[in-house]
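Me: Could you walk me through this one with me? I'll paste it below and fire off questions as they come.

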Amino acid sequence: MATEVCQLIAEGRSRLRPVTDQPGHEAEILLAAALGKSRAWIMAHPEERILDCEATDRYEAYVTRRSHGEPVAYVLGEKEFWSLPLEVTPDVLIPRPETELVVEVALTHLLRGQQARVLDLAAGSGAIALALARELPRITVIGTDISAAAIAVAQRNARRLGLANVQFRTGNWFDPVAEERFDLIASNPPYIAASDDRVEPAVRRFEPHGALFGGTDGLEALREITGAAGGHLSPGGWLVVEHGDRQGPAVRELLSAAGFAAITTHQDLAGLDRCTAGRWPGRPGA
């Protein structure tokens with residue numbers, strides 16, 4: 001029997017209320033995806049009667065998965081980042097808006113038209129690498145990740161977006177680029193402390209722990225990156241790393257101890273410390 005859009009949304013809202021503070025919004029997103037429509041269409045046609053049983057079955061399946069706590073991005077297999085539609089699977093972190101700050105800061109240190117080489121460590125879905133490759137077509141971007149499954153997702157995203165100036169390699173941190181140097185290194189590494197009780201239960205349950213948690217204090221990966229980055233940066237090159245909102249002072253100390261200069265911490269839209277950048281010495285005239 002045909003069901004109206006508004007009824008489907010109401011049913012979804014009711015089932016999703018225990019797991020999200022935006023049950024109606026998420027129900028609209030899930031129904032739009034199930035129908036192959038936009039959310040705007042859903043909102044503009046509340047009285048539309050849905051005759052497609054397969055679509056309503058898909059919606060039911062989506063709502064069921066979300067009602068069990070699974071993030072919407074994994075349910076739909078896609079998340080937008082830097083206006084790019086990216087495939088996401090449980091093998092990769094769901095890209096966050098906060099990580100776009102890493103891209104913004106990196107772009108301030110790369111000249112448009114420059115034939116620079118850029119490295120993205122812990123690339124995951126490829127979000128940072130792909131955003132930079134899209135913004136600056138003349139640069140060469142390499143992304144590395146220890147997870148072969150994550151690299152496969154990133155490679156599919158690169159092909160889907162038609163970006164030929166980016167490649168992804170499997171391996172631990174700098175191992176896949178052992179003899180190479182770059183003009184900029186960017187990373188969103190695992191930086192959550194194992195004991196951090198602010199992590200949402202759904203994040204702990206569904207997202208890959210190896211991409212989230214950075215040891216007892218959350219700085220394990222950041223220590224490794226800052227300590228080794230100088231050996232892979234050209235003189236005057238930049239390192240830009242994302243970190244936790246309470247880790248700015250510690251990350252600045254790590255960069256300073258490693259020999260970086262012009263160290264600056266940048267805040268996200270909420271006014272919280274989110275990423276820190278430093279320049280490797282040797283720029284002519286510096």
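Me: Starting with cysteine 275: buried or exposed?

Reply: Cysteine 275 is buried, with a relative accessible area of 0%. Buried means under 20% relative accessible area, exposed means over 50%, and partly exposed is in between, using a 1.4 Å probe and protein chains only.

Me: Anything I should know about the numbering and the model itself?

Reply: Residues are numbered from 1 along each chain as its sequence is written, and side-chain values use heavy atoms, with hydrogens and water left out. This is a predicted model, where local features need pLDDT of at least 70 and side-chain atom pairs count only at pLDDT 80 or more, while totals for chains, interfaces and linings use all residues.

Me: Back to cysteines. How many disulfides are there?

Reply: The count is 0, where a disulfide is a pair of cysteine sulfur atoms within 2.5 Å.

Me: Why is cysteine 53 not bonded?

Reply: Because the closest cysteine sulfur, in cysteine 6, is 17 Å from the sulfur of cysteine 53, too far for a bond.

Me: OK, new topic: sheets. What's the strand order in the open one?

Reply: It has 7 strands in the order E7-E6-E5-E8-E9-E11-E10, with mixed pairing. The edge strands are E7 and E10 (261–267), each pairing on one side only. On average, neighbouring strands of this sheet are turned by 15° against each other, direction ignored.

Me: What are your criteria for strands, pairs and angles?

Reply: Helices (H or I, at least four residues) and strands (E, at least two) are DSSP runs, numbered from the N terminus. Two strands pair if DSSP finds at least two bridges between them. Axes are lines fitted to C-alpha atoms, for helices over the stretch in contact, and angles run from 0 to 180 degrees between N-to-C directions.

Me: Which way does E5 run against E6?

Reply: They run parallel: 5 bridges join E5 (residues 117–121) to E6 (residues 140–145). One to click on is arginine 117, whose bridge partner in E6 is threonine 140.

Me: And E8, what does it pair with?

Reply: E8 pairs with E5 in the parallel sense over 4 bridges, and with E9 in the parallel sense over 5 bridges. Valine 118 has leucine 184 in E8 as its bridge partner, and alanine 186 stands opposite valine 240 in E9. E8 is also mostly covered, with 5 of its 6 residues buried.

Me: Which helices lie across those strands?

Reply: Helix H8 (residues 148–161) lies across E6 and E7, at about 170° to E7. Helix H10 (residues 220–229) lies across E5, E8 and E9 (233–242), at about 170° to E9.

Me: How covered is H7?

Reply: Mostly: 7 of the 9 residues in H7 (residues 127–135) are buried. They are Ala127, Ile128, Ala129, Leu130, Ala131, Leu132 and Ala133.

Me: Switching to backbone angles. Where does serine 83 sit, and what is its phi?

Reply: Serine 83 is in the loop between E3 (78–81) and E4 (84–87), with a positive phi of about 65° although it is not a glycine. Most residues other than glycine have a negative phi. Serine 83 counts as exposed at 59% relative accessibility.

Me: What else is in that hairpin?

Reply: The hairpin of E3 and E4 has 2 residues between the strands, and tryptophan 82 takes a positive phi near 55° there. E3 and E4 run antiparallel, joined by 4 bridges. Lysine 79 has leucine 86 in E4 as its bridge partner.

Me: What about tryptophan 173, buried or exposed?

Reply: Tryptophan 173 counts as buried, at 14% relative accessibility. It lies in the loop between E7 (166–170) and E8 (182–187), and its phi is near 50°, a positive value in a residue other than glycine.

Me: Which ring does the charged end of lysine 37 sit over?

Reply: The ring of tryptophan 41, at 4.8 Å from its centre. The cut-offs are NZ of Lys or CZ of Arg within 6 Å of the ring centre and within 35 degrees of the ring normal.

Me: Last one: what does glycine 259 touch?

Reply: Glycine 259 touches Trp280 and Pro281, not counting residues up to four places away in sequence; contact means heavy atoms within 4.5 Å. Glycine 259 is in the loop between helix H11 (248–258) and E10, and counts as partly exposed at 33% relative accessibility.
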